[in-house]
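Work through the exercises below with the structure in view. Try each task before reading its solution.

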Amino acid sequence: MLACGLAAIAILQLSLDRAFLAAIVTLLLVSANCHPWYLTWFIPWLVFVPVPPLFLWTALMPLTYVVLFGWFSERVWDGSTLVRWWVYGPVFACGLVWLL
């Protein structure tokens, strides 16, 4: 999937700043784990290419730290909770609206 995303970026012949941002976001979207600090990779690029869904993603991603409550109290790490829907649902919806 990452190779397809990078091939699409190459075919679209985006400017360097947009291509770099698209490559980082593609990598994060297809990765198995995406911790909140991973999003710091593209925050500097949002200065040059303001993308509202990515601003929303960085704002909502700290909600995923709710997993720490279970870790500290019960020593159970459950990263696959409904919180992911509260983070990624609005981001994808905002992305669709922004692309249209």
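Three exercises follow, all on a predicted model.

**Exercise 1. Describe the overall fold.**

Solution.
- Step 1: Take the secondary structure. The protein has 5 helices and 0 strands. Along the sequence the pattern reads α-α-α-α-α.
- Step 2: Take the dimensions. The C-alpha trace spans about 50 × 25 × 25 Å along its principal axes.
- Step 3: Take burial. Of the 100 residues, 27% are buried.
- Step 4: Take the contacts. Among those with a separation of 6 or more, 55% join residues 24 or more positions apart.

**Exercise 2. Place Leu82 and decide whether Leu82 is buried or exposed.**

Solution.
- Step 1: Locate the residue. Leu82 sits in the loop between helix H4 (67-74) and helix H5 (83-99).
- Step 2: Apply the cut-off. Leu82 has a relative accessible area of 62%. Exposed means over 50%, so Leu82 is exposed.
- Step 3: Check a distance. Leu82 and Thr64 are 18 residues apart in sequence, and their C-alpha atoms are 9.7 Å apart.

**Exercise 3. Analyse the nonpolar part of the surface.**

Solution.
- Step 1: Start with the total. The protein exposes about 7000 Å², and carbon and sulfur atoms supply 74% of that area.
- Step 2: List the patch. Met1, Leu2, Leu6, Leu27, Leu29, Val30, Trp41 and Phe92 form a nonpolar patch with about 770 Å² of accessible area together.
- Step 3: Assign the elements. Helix H1 (2-12) and helix H2 (16-30) each give two or more residues. The largest share, 3 residues, comes from H2.
- Step 4: Pick one member. Leu29 lies in helix H2. Leu29 is partly exposed, at a relative accessible area of 42%.

Terms used:
Residues are numbered from 1 along each chain as its sequence is written. This is a predicted model: local features need pLDDT of at least 70, side-chain atom pairs count only at pLDDT 80 or more; totals for chains, interfaces and linings use all residues. Side-chain values use heavy atoms; hydrogens and water are left out. Helices (H or I, at least four residues) and strands (E, at least two) are DSSP runs, numbered from the N terminus. Buried means under 20% relative accessible area, exposed over 50%, partly exposed in between (1.4 Å probe, protein chains only). Contact means heavy atoms within 4.5 Å. Accessible areas come from the Shrake-Rupley method with a 1.4 Å probe; for residues, only the protein chains shown count as cover. Patches are made of residues with over 30% relative accessible area and no salt bridge: like charges are joined within 9 Å, nonpolar side chains (Val, Leu, Ile, Met, Phe, Trp, Tyr) within 5 Å. A salt bridge is a side-chain nitrogen of Lys or Arg within 4 Å of a carboxyl oxygen of Asp or Glu.
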